[in-house]
Every structure is written in C-alpha cells, then in structure tokens.
Amino acid sequence: MTDIYIFDRQSVNQHHQRAQDKIENHDFLFREVADRLGDRLIDIARDFPKALDLGSNHRILKETLGDRGGIQEFTSATFLSETQTLPMESPSSRLTEIGITEEILPQSSQKYDLVISNLCLHWVNDLLGILLQAHRNLKADGLFLASMIGGESLKELRACLMEAEMNVEGGVSPRVSPLIDVKDAGALLQRAGFALPVSDFDRIEVSYANAFDLMKELRGMGETNAIHNRRKTFTRRETLLKAAQLYQEKFSDSEGRINVTFDIVYLAGWAPHASQQQPLRPGSATERLSDFLDTEETKIN
C-alpha cells in the first residue's frame with residue numbers, strides 16, 4: 001500500500017453509499033460500460049466460472065453482464081477505510097462479499113478465472129498495488145478486465161470550474177480527480193506482471209440541459225470530489241453560476257444543451273501460462289526485413 005494519498009477513501013465510500021438509494025436514476029454510464037465489458041468477454045469465447053469483482057457497483061455489473069463470460073460464482077470486493085464495514089446486502093442479491101480495507105485484499109488465493117472491475121479503479125490511491133493483488137488472485141491463464149474513467153473525461157467541466165474560480169475567487173483549488181491515460185495504464189499492466197497486456201479507450205459523448213444537471217448526475221453517481229487535499233468548504237454560489245455560464249457559452253450545441261465527454265480506459269491482461277503466445281527469441285527470425293522491403297541491409301558496427 002502506498003503512503004501517498006491522492007484520495008480520501010472514507011469520503012469516496014460515503015459518496016458511493018449515499019448514491020445507492022437512487023442509483024437507478026443515475027446508472028447510465030455504469031450500465032453502458034458494463035455492457036461493453038460484457039461484449040469483450042463474448043469476444044474471448046471462453047467461460048470464466050469464478051469471478052472476483054473489484055469495487056464496482058456490484059449488482060449493476062452482475063445484472064448487465066448476464067450470462068456473458070459463463071460466470072457461475074460471483075464474488076464482490078468492496079473498498080473500505082479502516083473505520084468502515086461492509087454494507088448490508090439483500091439475501092436475494094446472491095453475492096459473496098469481501099472487504100478491501102485500505103486497498104488491501106484479505107487474501108491472494110489464485111482461485112479466480114476472472115478479476116473484473118467497472119468504473120471504480122480511478123478512485124484507488126495505489127493502482128499498481130491493486131493490479132498486483134488482482135494478478136495474485138488469478139489462476140494461471142486467468143483474465144483481468146477493467147474499465148476506468150480516464151483520459152480527458154469531463155474536460156469541459158474542468159475548464160469551466162477552473163476559469164470560474166480564478167475569475168471569482170482569484171485562485172484555483174483541487175476539484176477534479178487526476179485521471180490516467182491509456183499509455184500509463186498499459187505500462188502499469190506490464191509492471192504488474194500480466195501477460196499480453198492491452199489498454200485502449202472509448203470516448204462516450206453525452207449532453208445535459210445545463211451544468212447543474214451534469215453536477216447533479218455526478219452526485220447521483222457518487223462521483224463527486226474526494227481528493228485528499230480538496231477545499232473542505234462549500235463552493236461559492238457565484239463561482240458555480242459563473243462556471244455554468246461559461247459552460248453554456250463554450251460547450252453548448254445548437255439546441256442549447258451542454259456537451260460532456262467521458263473517456264473510458266479499458267485494461268486487459270492475463271495471468272501467465274505456458275499455453276499463451278510467446279515473443280520470438282531475438283535473432284530467431286527466418287526472413288530478413290530488407291528482403292521484404294526490397295532494400296539493402298546496412299550493418300551498424
């Protein structure tokens with residue numbers, strides 16, 4: 001576990017727990033991306049009987065995946081702070097639950113065919129640590145598959161809040177989480193020891209009536225500011241009004257609705273196994289690139 005805290009884990013969990021009562025009114029992005037994860041499982045064309053879900057909105061992910069991936073046993077792992085306990089689940093949910101206290105899984109069992117996570121790892125302080133733990137929980141040739149909010153997500157809101165706060169208050173405070181890009185995500189998969197690592201992203205563009213509807217949606221998703229060094233006082237009304245005005249002026253469409261960008265970063269990697277495709281040994285090629293390109297080969301001393 002890292003000693004550097006970007007996010008306040010207790011605040012992250014409180015935001016998510018408060019959102020659960022009405023999450024069905026704000027679950028569009030969770031379900032859309034979970035559906036895309038499910039399609040990726042279909043593309044792999046094999047079954048993953050035992051799955052571990054890292055930190056997602058578990059019921060949403062399980063319901064959206066349906067029978068894709070051939071999951072028979074679904075274990076949900078919930079991120080907790082030291083003072084928090086697992087929330088009560090309905091007996092009908094049929095979820096096996098474990099807690100990830102201070103971002104540490106209680107076991108590394110190598111018993112799962114699939115470790116999956118939907119739109120929650122962007123709140124993790126030690127992403128490499130979580131990837132290493134996911135790796136240790138996979139069987140040989142098991143799959144890690146995850147989605148994260150990353151890239152230039154909410155770039156319009158970020159820009160307008162920053163400009164509004166500078167204009168109204170004469171300074172800028174941390175408001176929006178730092179987000180990972182595709183290249184860095186791929187590098188972390190390699191550092192965590194995954195074979196055949198792949199990272200890519202989708203851009204999902206949606207619209208809202210105004211900036212206040214967008215902010216309400218983010219609160220309803222449990223995706224509001226939980227940066228450890230965030231300002232602890234309420235944002236001034238004048239700042240919010242200015243941000244909404246700027247958003248309308250700069251990022252509205254022909255119908256007056258504001259445009260919103262979500263970049264979804266996907267990570268996929270396998271626990272190593274002898275049956276997997278291996279890179280060729282250096283110097284083992286049987287044909288020269290110069291022959292293919294019909295050029296002369298020049299040796300470098």
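Which residues are linked in a network of salt bridges? In this predicted model, the network is made up of Glu 152, Lys 155, Arg 203 and Asp 263. Side chains of opposite charge can pair when their charged atoms come close. The structure holds 15 salt bridges, and some of them are described below, after a look at strand β2 and its neighbours.

## Strand β2 and its partners

Strand β2 spans residues 73–80, and 7 of its 8 residues are buried, so that the strand is mostly covered. On one side of the pairing pattern, β2 is joined by 5 bridges to strand β1, which consists of residues 50–54 and runs parallel to β2. Within this pairing, Lys 50 stands opposite Glu 73 in β2. To get from β1 to β2, the chain passes through helix α3, residues 58–65, and the resulting β-α-β crossover is right-handed.

Strand β2 also pairs with strand β3, residues 96–101, to which it is joined by 6 bridges, and these two strands likewise run parallel. Here Phe 79 stands opposite Ile 100 in β3. In a regular strand the side chains alternate between the two faces of the sheet.

Thr 75 is a residue of β2 that can be followed in more detail. Its relative accessible area is 3%, and because the cut-off for buried is under 20%, Thr 75 counts as buried. Leaving aside residues up to four places away in sequence, Thr 75 touches Ala 51, Leu 52, Asp 53, Thr 96, Ile 98 and Tyr 112.

## An exposed loop residue

Lys 22 offers another setting, for it is found in the loop between α1 (9–19) and α2 (28–44). With a relative accessibility of 56%, Lys 22 counts as exposed, because the cut-off for that class is over 50%. Although Lys 22 and Met 221 are 199 residues apart in sequence, their C-alpha atoms are 8.9 Å apart in space.

## Salt bridges between distant parts of the chain

The table lists three salt bridges with their N to O distances.

| Residue | Partner | N to O distance |
|---|---|---|
| Asp 202 | Arg 36 | 3.1 Å |
| Asp 113 | Lys 139 | 3.3 Å |
| Lys 250 | Glu 163 | 2.5 Å |

In the salt bridge between Asp 202 and Arg 36, the pair links distant parts of the chain, since Asp 202 belongs to strand β6 (residues 195–208) and Arg 36 to helix α2, 166 residues apart. Asp 202 is partly exposed at 22% relative accessibility, and Arg 36 is also partly exposed, with a relative accessible area of 25%.

The side chains of Asp 113 and Lys 139 likewise meet in a salt bridge, and this pair connects strand β4 (residues 112–118), where Asp 113 lies, with strand β5 (residues 138–150), where Lys 139 lies, across 26 residues of sequence. Asp 113 is buried at 11% relative accessibility, whereas Lys 139 is partly exposed at 31%.

Why does the salt bridge of Lys 250 and Glu 163 tie together parts that are 87 residues apart in sequence? The reason is that Lys 250 lies in helix α8 (residues 237–251), while Glu 163 lies in helix α5 (residues 155–169). Lys 250 is partly exposed at 45% relative accessibility, and Glu 163 is partly exposed with a relative accessible area of 29%.

Key: Residues numbered from 1 in each chain as written. Predicted model: local features only at pLDDT ≥ 70, side-chain atom pairs only at ≥ 80, totals over all residues. Heavy atoms only, no water. Helix = DSSP H or I, 4+ residues; strand = E, 2+ residues; numbered from the N terminus. Buried < 20%, exposed > 50% of the residue type's maximum accessible area, 1.4 Å probe, protein only. Contact = heavy atoms within 4.5 Å. Pairing = 2+ DSSP bridges. Right-handed = clockwise from strand over helix to strand, strands pointing away. Salt bridge = Lys/Arg side-chain N within 4 Å of Asp/Glu carboxyl O.
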